[in-house]
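Colleague: I should like to learn how burial, pockets and nonpolar cores are read from a model. Could we take them in turn?

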Amino acid sequence: MSEDNVAAETGPGRSGKANSWRRHLPYLLVLALALVGVAYANMSQKSLAGYWELLALISGMVCIFTEWGKAEDKQARVRLVWTQAIHWIAVLVAMNIMLLSGVQQWLPAPATSLVLLMLLALGSFLAGLNLASLELCFLGLVLALAVPAVSWVKQSILFVILAGAFVVGIGATFWSSRKEK
């Protein structure tokens, strides 16, 4: 690739890192919204069904937005929109099945949030496979790993607090000893 092509791709005054951040921003947005939802659901002990459904819609839009430029022609773009619409509608249907009153009586509210998050993770991962997008697959994997992480943190919150206090104490000790020198 010639230097002119590299300059044309990055633009005047733009670095490759800035383009990388801009390209990954939609995935980071979905991830941040998912983590906020997990944290809020754990604190409030509510299922946040509407939040997870909204996040599924946002994820579908992110899939279309990030892949739009890769579609070669109008037919490919129409196929992208339809396949992603059907894919995310299926995820929303699965979420709403989990929200039926007959199913809800078997699950406490925090478990419902984790199930909806897992469905969102599965939807993201499968969309990544369908679109051959490593970023979407990684997003789905991270969302899926958030489910057992939440359970682990809830079960071992005292350990996490003590470990954090230990790290802060060690850091303060080393910081004060560096200052004395």
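Colleague: Is glutamate 67 buried or exposed?

Modeller: In this predicted model, glutamate 67 has a relative accessible area of 6%; because buried means under 20%, this residue counts as buried. Lysine 70, at 51%, is exposed, since the cut-off for that class is over 50%.

Colleague: Which side chains meet in a salt bridge?

Modeller: Those of glutamate 67 and lysine 70 do, with an N to O distance of 3.3 Å. The count for the model is 1 salt bridge. The pair thus joins a buried glutamate 67 to an exposed lysine 70.

Colleague: How should one look for pockets, and which residues line the largest pocket?

Modeller: Rolling a probe the size of a water molecule over the atoms reveals where empty space remains. Here the largest pocket has a volume of about 160 Å³. Its lining includes Glu67 and Lys70, along with Ala71, Glu72, Ala76, Arg79, Leu80 and Leu131. By class, 4 of the lining residues are nonpolar and 4 are charged, with no polar ones. Helix α4, residues 74-98, gives the most to this lining, with 3 residues.

Colleague: What of the largest nonpolar core?

Modeller: In soluble globular proteins, nonpolar side chains tend to be buried together. The largest core here has 34 residues, and Trp52, Trp88, Met95, Leu117, Leu120 and Leu143 have the most contacts inside it. Two or more residues come from each of α2, α3, α4, α6 and α7, and α6 gives the most, with 8.

Colleague: Which residues does leucine 143 contact, leaving aside neighbours within four places in sequence?

Modeller: Leucine 143 is in contact with Leu31, Ala34, Leu117, Leu120, Ala121 and Ser124.

Key. Residues numbered from 1 in each chain as written. Predicted model: local features only at pLDDT ≥ 70, side-chain atom pairs only at ≥ 80, totals over all residues. Heavy atoms only, no water. Salt bridge = Lys/Arg side-chain N within 4 Å of Asp/Glu carboxyl O. Buried < 20%, exposed > 50% of the residue type's maximum accessible area, 1.4 Å probe, protein only. 1 Å grid on protein atoms, 1.4 Å probe; cavity = no way out; pocket = protein on both sides within 12 Å on 5 of 7 lines; lining within 4 Å. Points joined across faces, edges and corners; volume = space filled by probe spheres on them. Helix = DSSP H or I, 4+ residues; strand = E, 2+ residues; numbered from the N terminus. Nonpolar A, V, L, I, M, F, W, Y, C, P; charged D, E, K, R; others polar. Core = buried A, V, L, I, M, F, W, Y, C linked by side-chain atoms within 4.5 Å. Contact = heavy atoms within 4.5 Å.
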